[in-house]
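Work through the exercises below with the sequence and the 3D structure in view, and try each task before reading its solution.

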Amino acid sequence: MAENQSLEKRVEYLEKRVRFLEEALQVKASIVPSQETIIHNKQHDKKSIEWDVLIFQKILPPLFIIVFIVGIVWAFKAVSDYGILNEQVKVVLGYVVAGALIGLGAWQIKQSRNVLGQMLLGGAIPILMLTTFAMHQLYNITGPVLSFVLNVIWISLGLFLTYKYKSQGIGIVSTVGGVFVPFLIKSTFTNIPVFSFYEAILFTLFLWIALRYKYKILFYVSVAFLQIALLVFFIFTNVPEGLKWIAVLPIFVQHSVLLICFLKTKHMLKDQAYMLFSIMLFTTMWIRIILTENEASITVAVIALVYGICLYMYQKDLIRTPIFIANGTIALLNFMQLLIDNLLIEGIIGLSVIYFLVYRKFNHILHSILSGITYIIAVFYVFFQPINNWISWGMLHWIIFIIATSYGIYLLATMDKQQKHIVLNIGVTYVGGLLLYFFHMIAVLFSGEIGSNMERVFTSTLWITVSILLMLLSRRFSLQQGKYVGVGILFFTLAKIILFDISFVSVAVKALLFIVLGVVGLLVSRAYYKK
C-alpha cells in the first residue's frame, strides 16, 4: 500500500514538471522570434545596407570628384578670361588644390571613410598632371625636362598611394594618366628611348600591384592602355631604322612580364591566360608591321621556342598548357608564312586541327573558338585558290583541306556519341559537296583546250565515280550516311545532265552518259536491295 502511494506521488511530481517545462517553452517562443523571421530581417537589412553602400560610397564619390575636377578647370578658364589671375598664380593654385585634396583624402581615410578618401586622393593626381601640362604647354614656364620629371613624380605619388592605401581607383587613375605623360611633353614624345623605357617601367610596376592585390580592373586597364599608347606613338612618330628595336621594347617587355607572371603567380590565372593570348596577337601584329621579314622571322621563331619550352615544363597544367599551345602555334604560323608564303593555307588548316585536338584534350572553350575561326579563314583562302595545273599550290591546298575536313568531322563525331548521328549527317554531306567542286576543277584540267562540252562529260563522269566510292566506303566502314550521300550525288548528276548538259552534247555522248548513269543506278539498287 505504501509503495502505491509513493508511485502516485512520483507520477504527480513528473506531471507538474512537464507542465512547467511546457509553459517555459511557450514563454520563450513568444519572446524569441522564429528563425525565418530572423533570416528575413537580416536579408532586409543587408539589402538596405547594400543600397546605401552602392549610392553613397561607390557612386557619389567618383562621380562628384569628376564634377569637382571639371569645375576646377572651368574656374581657371573663367579667371583667365577675366584677367583676374596671372599664369604663375594659376599654376600655384592648381598645385595648392591638389595638395588640399591629398590632405583631405588622407584625413577622410583616418576617419574610416575609405572610399571617399581614396577618390579625393585619386582626384589629386590628374589635377597635378593638368597643372604641369598647363605650366609647360600653355604658359611655357618650364622646359620639357623639368615637366617630364614632375609628371614622373606625380605618377610615382599615385603608385605610392595605390600601394599604401590599397586603392584600385587611385591605381587606375595613375595608370591612365601615366601612360600619356610622354604625349604631354613637347620633346619627350619624339624621344624614342625615353618613351620606350618609361612606358615599359610604368607598365611593369602597375601590373605588379594589380596582381599582388588582385585588382582585376587595374590589370586590364594597365595592359590595354599601353597598347593604346603604342598605337598613338607609331601613328604619329616616324621611327628611324636604328631605333626600331628600342621602339618595340615596351611590346616585348609587356609580353615577357605577362608570361613571367602567368608562370609564377597562382591567382587570376584565367584572366592572365586570356590576356596573354590577346597580347600574343598584338605582339605578332607589331612585329610584322615594324620589323623586316628576316627580323620578324627570327623573332617569332624565338617566341615559338619559348612557348615550346614552357609547354614542356608545364605539360600537365590544365590552365597554362592550352595557352602555351595556342600562342606557340600562332608564332609557328607566322614563321611559316614569313618563310614560305604559299604554305600559309596549310599552316592555317594545321592550326585549326591542332586547336581542335587541344580542345578535345583540355575541353578549353578558347581553343574551340580558335579552331572554328581558323577553319573559316581556311575556307575563304581555299575557295579563292583555283586549281590551274596538276602540280600547283592550289592542288595541294585543296587536297590538304579535304583531308583535314574529313579528319575534323571524324574527331567531332567521336567526341559525343549522342550527337554522332547528327554530326555525320551534316559532315558527310558537306564533304560530298567539297568533293563535287574539287572534281569539277579536275574535270576542267582534263578537258584543257578541248572545250566546254567535254568538260561537262568529264564532270559528270567524275561525279558518278565519287558517288560509287562513297557507297563503297560506306559499306567498308559501316557509314550509313555515305550511302545516302552517294545516292544523292547520283540524283544530282542526273539532274545536271538533264537540265544543263543535254542541250550542249552530241547524241552519242547523251547515249553514253545515260547508259553509264542507268547501269550505275541499277547496280546500286541491286547492291542495296532487300527482300
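**Exercise 1: a buried aspartate and its partner**

Aspartate 271 is buried, at a relative accessible area of 14%, where buried stands for under 20% relative accessible area, exposed for over 50% and partly exposed for what lies in between, with a 1.4 Å probe and protein chains only. The model is a predicted one, in which local features need pLDDT of at least 70 and side-chain atom pairs count only at pLDDT 80 or more, while totals for chains, interfaces and linings use all residues. Residues are numbered from 1 along each chain as its sequence is written, and side-chain values use heavy atoms, with hydrogens and water left out.

Task: find which residue forms a salt bridge with aspartate 271.

Solution. Begin with the criterion, a side-chain nitrogen of Lys or Arg within 4 Å of a carboxyl oxygen of Asp or Glu. Lysine 216 meets it, since its closest N and O atoms with aspartate 271 are 3.7 Å apart. Next, place the partners: aspartate 271 lies in helix α11 (residues 269-290) and lysine 216 in helix α8 (residues 216-236), so the pair ties together parts 55 residues apart in sequence; helices here are DSSP runs (H or I, at least four residues), numbered from the N terminus. Finally, lysine 216 is partly exposed, at 42% relative accessibility.

**Exercise 2: a network of charges**

Task: determine which residues are linked with Lys244 in a network of salt bridges.

Solution. The first step is the salt bridge between the side chains of glutamate 241 and lysine 244, at 2.6 Å from N to O. Glutamate 241 is exposed, with a relative accessible area of 55%, whereas lysine 244 is buried at 5%. The second step is the salt bridge of lysine 244 with glutamate 295, at 2.8 Å. This pair links distant parts of the chain, with lysine 244 in helix α9 (residues 244-247) and glutamate 295 in helix α12 (residues 293-313), 51 residues apart. The network therefore holds Glu241, Lys244 and Glu295, and the search of the whole structure finds 4 salt bridges.

**Exercise 3: contacts of a threonine**

Task: state where threonine 284 is placed and which residues it touches, not counting those up to four places away in sequence.

Solution. Threonine 284 is in helix α11. Its relative accessible area is 7%, and threonine 284 is thus buried. With contact taken as heavy atoms within 4.5 Å, threonine 284 touches Ile330 and Asn334, once residues up to four places away in sequence are set aside.

Notes: Helix = DSSP H or I, 4+ residues; strand = E, 2+ residues; numbered from the N terminus.
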